[in-house]
Amino acid sequence: MDSKLNASLAEYLTALGDDELVLAQRDAEWCGHAPILEEDIAFANLAVDELGHARTWYELAAELLSEDRGRFPDHLAYFRDAAEWRCVQLVTLPRGDWAFTLLRRYFFDVLEVLRLEGLKSSGYAPLAEAAAKIYNEELYHVRHGKAWLPRLGRGTEESHARMQAALTQLWPYTAQMFLPLPGEAPLVAAGIAPETAGLEAGWWAAIEAALAAADLRAPEKFIPVTRPRSQQTEHLMGLLSEMQMLARANPQARW
Amino acid sequence: MVFQQLASGEPLVHNGTVHAPDIEMALLNGRDVFVRRPTAHALWVTPVECIFTRTREELADGRWLAGVQASSGAAEAWHVFGKLTQQGQLEQLGQVQAASAEEAMKLAIETYTQHEIWVWWVFPVAQTLSSQPEEAAALFSFSETHDFKNQAYYPVITLMREIRNKKQAGGKRG
């Protein structure tokens with residue numbers, strides 16, 4: 001690949017990693033607080049999976065930029081200010097209740113599976129290889145979410161109301177997920193990454209079926225969030241200040 | 001109840017118990033709580049109330065076995081698990097066809113005579129949810145690559161011992 005394409009792919013991978021890392025951080029906030037012990041372990045596992053995916057994408061970016069594979073992921077995670085992050089707003093929103101958390105994760109995981117299906121046949125072999133590994137884990141994530149959705153949506157009056165409220169709250173943020181990722185256009189042209197806009201129909205079909213099975217309805221009237229990934233909000237700043245505090249206070253810290 | 005098979009051809013062994021509202025969630029919880037070793041091949045779950053159990057002590061005088069009535073209902077398949085050693089986990093012995101739990105237990109005891117069993121369990125195959133071979137990659141592949149999910153990855157006991165030794169050595173100097 002030429003250096004221009006390298007830079008585009010590094011940008012693209014960093015955005016993917018940012019989505020995963022911020023979601024991992026948000027979901028890890030449940031550690032010790034999930035509804036039952038088993039789910040606490042399960043959910044922390046899912047968060048750790050996303051953390052691993054973030055590391056994978058950042059390491060690939062490091063190689064493309066001739067950075068140190070071992071240190072670059074930490075640099076990206078701990079030493080960038082909010083303005084330099086490229087995650088979607090959906091993952092930055094405060095964790096809310098259990099309904100909100102599960103639904104957000106499901107929206108994200110369904111899209112991730114679709115994207116990975118495309119990335120598995122990427123023209124850049126290291127990316128295709130990594131995608132195949134991550135794909136298996138994401139299949140499990142989707143199964144986990146699919147199991148919970150109808151149990152809450154059709155559970156009690158309260159669980160249904162909470163799911164419906166979460167859906168109404170999250171829905172406007174789904175639009176931003178289908179905007180092109182940073183660096184995407186030349187990668188699509190080169191057969192390295194799937195076009196994000198092209199994943200929307202598959203996502204919607206899966207989500208529509210899942211919502212119907214859970215007796216939930218997407219709102220008809222809403223104002224979609226379509227600001228670019230370069231415009232972050234105070235939600236991300238709060239999250240970063242906690243996540244980065246130790247590394248910034250003591251850059252030599254080891255654990 | 002959660003059962004795990006670590007490799008193809010090996011018997012399933014009893015891992016432990018998870019709470020879950022239904023059997024599908026139990027399988028998922030079983031995966032997240034118990035699949036930690038470098039490999040896993042299959043996972044089964046069955047509701048605790050479906051397990052019929054007898055211990056060596058309960059069977060010792062032969063009275064329970066003698067009292068089992070032949071039942072006239074339709075036969076179904078039952079999984080048979082047994083505890084081969086006093087400390088070990090229960091492991092899979094095989095299957096029997098029977099019309100009731102009592103009858104399945106009696107058949108199991110008469111069939112699997114090669115070991116001295118400490119505890120017997122029988123439960124209906126129809127009440128068991130098993131992972132499917134095509135699901136194995138999604139359910140278990142992480143256990144091969146995610147060292148950090150294996151408790152052996154965290155040498156906590158060794159680390160604590162080192163810290164304690166250091167402290168003691170420091171104390172002597174003081």
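This report walks through a two-chain model, from overall shape to the contact between the chains and then to one helix in detail. The model is predicted, so keep that in mind with every value below.

**The two chains side by side**

Let's start with the overall make-up. Chain A has 10 helices and 0 strands, so to speak a plain run of α-α-α-α-α-α-α-α-α-α when you read along its sequence. Chain B mixes things up, with 7 helices and 8 strands.

Here are the C-alpha spans along the principal axes, by chain:

| Chain | Span along principal axes |
|---|---|
| Chain A | about 55 × 45 × 35 Å |
| Chain B | about 80 × 45 × 30 Å |

How does the radius of gyration of chain A sit with what a compact globule of 255 residues would have? The globule figure is near 18 Å and chain A has 18 Å, so the two agree. Chain B is another story: a compact globule of 174 residues would come out near 16 Å, but chain B has 21 Å.

Burial comes next. In chain A, buried residues make up 43% of the 255 residues. For chain B, the buried share is 30% of its 174 residues.

Then there are the contacts with a sequence separation of 6 or more. In chain A, 77% of these join residues 24 or more positions apart. The corresponding share in chain B is 64%.

**Where the chains touch**

The contact takes 15 residues from chain A and 17 residues from chain B. On the chain A side, helix 2 (37-64) and helix 6 each supply at least two residues. Which of the helices gives the most to that side? That's helix 6 of chain A, with 8 residues. By type, the chain A residues that touch chain B divide into 7 nonpolar, 4 polar and 4 charged.

**A closer look at helix 9 of chain A**

Helix 9 of chain A covers residues 200-213, which is 14 residues. From its first C-alpha to its last it reaches 20 Å, close to the 20 Å expected at 1.5 Å a residue.

Which of its residues are buried? They are Ile207(A), Ala210(A) and Leu211(A). Looking down the axis of helix 9, these buried residues fall within an arc of 95°, so they line one face of the helix. The general background is handy here: an α-helix has 3.6 residues a turn, so residues three or four places apart point the same way.

What do the buried residues of helix 9 pack against? Their partners are helix 5 (98-119) and helix 6 (125-153) of chain A. Helix 6 has thus come up before, as a supplier of residues to the side that touches chain B.

Flip to the other side of helix 9 and you'll find Ala201(A), Ala205(A), Glu208(A), Ala209(A) and Ala212(A), which are exposed. Just after the helix, Asp215(A) takes a positive phi of about 55°.

**One more residue: Thr168(A)**

Thr168(A) lies in helix 7 of chain A, which runs over residues 157-170. Why does Thr168(A) count as partly exposed? Because there are 14 C-beta neighbours inside 10 Å, while a buried residue needs 20 or more and an exposed one has 12 or fewer. Thr168(A) and Thr226(A) are 58 residues apart in sequence, and their C-alpha atoms are 17 Å apart in space.

Key:
Residues numbered from 1 in each chain as written. Chains lettered and ligands numbered in written order. Predicted model: local features only at pLDDT ≥ 70, side-chain atom pairs only at ≥ 80, totals over all residues. Helix = DSSP H or I, 4+ residues; strand = E, 2+ residues; numbered from the N terminus. Expected span 1.5 Å × (residues − 1). Arc of directions from axis to C-beta. Contact = placed C-beta atoms within 7 Å. Nonpolar A, V, L, I, M, F, W, Y, C, P; charged D, E, K, R; others polar. Rg over C-alpha atoms; globule rule 2.2 N^0.38 Å.
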